[in-house]
Structure formats: structure tokens, C-alpha cells
Amino acid sequence: MPIEQRRRLVTAVPGPRSLELASRKQASVAHGVATTLPAYIVEAGGGILVDADGNHLIDFGSGIAVTTVGNAAPAVVRRAHEAVQKFTHTCFMVTPYEGYVEVAEKLAELTPGDHAKKSALFNSGAEAVENAIKIARVATGRTAVVCFDHAYHGRTNLTMALTAKDMPYKHGFGPFASDIYRVPMAYPYRWPGDAEHVTDEAFAQFESLVHVQVGENQVAAVIIEPIQGEGGFIVPPDGFLPRLAQWCRDNGAVFIADEIQSGFCRTGDWFACDHEGVVPDLITTAKGIAGGLPLAAVTGRAELMDAVHPGGLGGTYGGNPVACAAALGAIEEMQTNDLPGRARQIERIFRDRLGELAQRYPAIGDLRGRGAMMAVELVRPGTKEPDPALTGAVARACHARGLVVLTAGSFGNVFRFLPPLSISDDLLHEGLDVIAEAFAEVTGD
Ligand SMILES: Cc1ncc(COP(=O)(O)O)c(C=O)c1O
């Protein structure tokens, strides 16, 4: 039975059944695994999450940008169901199967650039990033990797080294992988000086820091999220990504676009790089790729991908047959329902409604993002001083009203909105009404 696409609260959020489960979690799950909103979910679809108490919550998070095609999307369910009935695992490195190859073919077709491409499949985004670095190092014979302020690339040892934020991602977990260099991000809202010059100045800093601290001919790869995710949906100004890509071409380095959060229709294009026609040498994808089943990929220039010796890439579960079937289902949903177009419609609704809110509340210092990847950054009015306390309070007020929203940002002061692209306009507007009510309640407006 389809889930009724309406917010409905029958208990407090979280309700008694969820609280019971939360106390079992407390006793049996490691404390390091924290939850944003402990409403335990039993069913989901469209733009609704149904919790164990029967509350219908509006979903503005998509499980952190994963269920882009919607939860339990029909083509994902059909293909995964067919696959799971046939076989669940052989290990592609032992006895292979067609689904893996089909996903690699689709990735070659859909990712930016019309050059010859190949892919390798993995389980998680962090694993894809680690493997992209491995490939870049072997292909170039160099070791240094340049990454950016506010970056998030994962929680494994190498990806923690690439991730910028200490708490909670890195704190106490070092020492980290070496030969990683961090440079400033072109962050328009927080760039000191004139907004028009952010691209030039940020690129000049990149060039100079690499020259002084690393040496151009030591750089294996430059890795960047074309729109930064956990860092707070920071959109670099036009021209910054193309210049980095050109610098990599000029200096024999591999340009890696980490599109794990921004990829697969989220930003109104198939990939965020498409916006400026940027063609990365390697692209990492995960999250939206398979509608919720664990799958990730590195896709890139065939000659780079083939630089690694046989057996150098892989993993027991990488490209699991059910996850591959789900990915083919997710891609079918994206193509048949024009999900890039849907993301652009969602952006218009968010811009209108959040723009109105920003007029009313001077604490909204910046409204940014692209497609269905939108954010507001909260500050103390009249300053750019981050206001994480206000952000947390508004988030809690949204949660209590049955709207799942996520926060982000190096300073914990960004609301990021990542609805599934299957959400209705009515639910989007209702969610935005809830945000307005939450602001009114918290600010006493
Ligand atoms: C841009 C980016 N890269 C890498 C990752 C890590 O992915 P995973 O959590 O699947 O390891 C994330 C996760 O949020 C991400 O947003």
C-alpha cells in the first residue's frame, strides 16, 4: 500500500515505541554511533518516513543524500527483488556477473566527458575515495594529495586525513595518513575581501601554497567536492573548478571530483561538475547511485584506471549483485522521471521560500546551493559570527514538528536540505512552513 503523502503526528517525536528502541540502542550500540533524530523508521517512500509510533515525518534529508530517487523506489525494488531471488553474492573477483559490468557501462555513459572511461565498484564513499587516491598515485608515480578547507571525504584513515573537521570526525583518531596538503576553499560567503575576486584569489593561494609547500611535480592528485557537503554546501564561484582542472592538466596531476554527495541528479545536473562543463580525470560516486543499497564507484579515464596492476583494486563485497541491480533501477528512475529537471524545480521552491525567510530573519546570513542541495547559514545578526546554538534549536523545533532536517558546516551553523526528488510540491511547502514555524518559535517572533 502506498504511504499517505501527508505529515501526521500521533505521538510526540520521538514517541514511546521509538524511545523504547532508543533505550535498547543505548544498551547495545556503541555510543560513537550517534543519531540525529531517534525516531525509529519502519517504512518510507515519496517524501515521508513512517516511524515506529505511526508518525508520518517529512523527509528533508534522504538519509544524507542517498534516497535521491525516493525510498523503496519502484524500479529499485523490482530490480533488487529480482536479483536477490537469483543470487546474493559470488564476489566479482572470483566469479563475475553482468550487473557489475552494466553499472560500469552506465557510469561511463553518464559521468562527465566523452573520453574512454572505466570504473571499479566499492561499498562506501570513503572506500571509493581511498581507491581514487591509490589509482592516482600509481598512475602518476607521485604521492602528494591536495585537498581543501571544509572538505569531507570520509572516516577511514586516509579519508580522515582528507576531511577537514576535527570534531567529531577526526578527534582522537590520529595519526593520519601522510603527504596530504590542505589549501583554502573558495568559500564566497566567508572569503575576506571582495566577492568578485574570490575565484582569482583562492586560485592564487592554491597555486602559491602548492608551489611553496608541495612542489607541482610532486602532486599526484587534487581532490575536491564540486559542492562541498558536510562542510556546509559551499558552492565555489564560477571559474574555480575549471581552473583547478586546467592546473592539473598543465602539471600532470589527477583531478578528482568527489561527487559522492553532489552526484546523480542532486544538483539539477547529472553531476555537479556538469554545471560548468568540468571534466574530472576521476570521479567518485556513492550515496544516490543505488537508491539506498551500499554501492560506490571510481570512474575515470581508461588509461588512469588501467594503470593499476590486476588484483590491486577490489574487495569482497564491492559491486554486490543486489546493489548493482538497485543501481540500475535507480538510474532507470532518474532517466525516466527526468530527475535533474525535478531537482531544478525543487531549487526554485526552496529559493523562493527560504529567500522570504531570510528577509524576515537577519540570522540567515547566506542562502546557497544548487538543485535539491540547498542550505542556509545562520549567524548572529549584523555579523558573520556562526550561530550553532540557534541552528540546533531550530533543528530540534523542526524535528518535534515531524520534519527531518540535517545540520552541517565546519561551525555547525548550516541547515542543509536534501529532500528525495520523489517528494511532492505539497510536502515541500509543508516542510518549509514547518521551518518558518520553527524559526518563529525559537526567535520568539
Ligand atoms: C563528499 C563525500 N565524500 C565521501 C563521503 C563518505 O562516504 P561514506 O559515508 O559512504 O563512506 C561522504 C559522506 O557523506 C561525502 O559526502
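1. Start with the aromatic cluster. In this predicted model, one cluster brings together F60, F350, Y361, F415, F417 and F439. Two of its members, F350 and F417, form a stacked pair, with 5.4 Å from centre to centre and 15° between the planes. That pair links distant parts of the chain: F350 belongs to helix α11 (residues 339-360) and F417 to strand β15 (residues 414-417), 67 residues apart. Both rings' residues, F350 and F417, are buried.

2. How many aromatic pairs turn up in a search of the whole structure? The count is 16. One of them is F92 with Y100, a stacked pair at 3.7 Å centre to centre and with 5° between the planes. Are the two partners buried or partly exposed? F92 has 22% relative accessibility, so it counts as partly exposed. Y100 is at 11%, and therefore counts as buried, the cut-off for that being under 20%.

3. Just before F92 in the numbering comes C91, so have a look at its backbone while you're there. Phi of C91 is near 80°, which is a positive value in a residue other than glycine. I'd flag that because most residues other than glycine have a negative phi. C91 sits in the loop between α3 (74-86) and α4 (98-110). With a relative accessible area of 7%, C91 is buried.

4. Two lysines are worth a click for what they do with rings. The charged end of K170 sits over the ring of F176, 5.2 Å from the ring centre. K384 does likewise with Y189: its charged end sits over that ring, 4.4 Å from the centre.

5. Now the ligand. Which residues are around it? They are S124, G125, A126, Y152, H153, G154, E225, E230, D258, I260, Q261 and K287. Sorted by class, this shell has three nonpolar, five polar and four charged residues.

6. Some of those neighbours come with polar distances. From the backbone of Y152, an N or O atom lies 3.5 Å from a nitrogen atom of the ligand. The side chain of Q261 has an N or O atom 2.8 Å from a ligand oxygen. For the side chain of K287, the distance from an N or O atom to an oxygen atom of the ligand is 3.1 Å. As for cover, the ligand on its own has 390 Å² of accessible area, and the protein covers 83% of that.

7. K287 deserves a second look for its backbone. Its phi is near 35°, again a positive value in a residue other than glycine. You'll find K287 in the loop between β9 (282-285) and β10 (296-301). Its relative accessible area is 21%, so K287 is partly exposed.

8. Check the cis peptide bonds too, because most peptide bonds are trans. M167 and P168 are joined by a cis bond with omega of about 10°. The bond from G174 to P175 is also cis, and its omega is near 0°. Where do the prolines sit? P168 is in the loop between α6 (157-162) and β6 (180-183), and P175 is in the loop between α6 and β6 as well.

9. Last, a word on L9. This residue is found in the segment before α1 (16-28). Its relative accessible area is 34%, so L9 is partly exposed. If you want a partner to compare it with, L328 is 319 residues away in sequence and 35 Å away in space, C-alpha to C-alpha.

Methods: Residues numbered from 1 in each chain as written. Predicted model: local features only at pLDDT ≥ 70, side-chain atom pairs only at ≥ 80, totals over all residues. Heavy atoms only, no water. Phe/Tyr/Trp six-rings, centres within 6.5 Å; stacked < 30°, edge-to-face > 60°. Buried < 20%, exposed > 50% of the residue type's maximum accessible area, 1.4 Å probe, protein only. Helix = DSSP H or I, 4+ residues; strand = E, 2+ residues; numbered from the N terminus. Lys NZ or Arg CZ within 6 Å of the ring centre and 35° of its normal. Near = heavy atom within 4 Å. Polar contact = N/O pair within 3.5 Å; in protein donor to acceptor, adjacent residues only side chain to side chain. Areas by Shrake-Rupley, 256 points an atom, 1.4 Å probe, with all protein chains shown as cover. Nonpolar A, V, L, I, M, F, W, Y, C, P; charged D, E, K, R; others polar.
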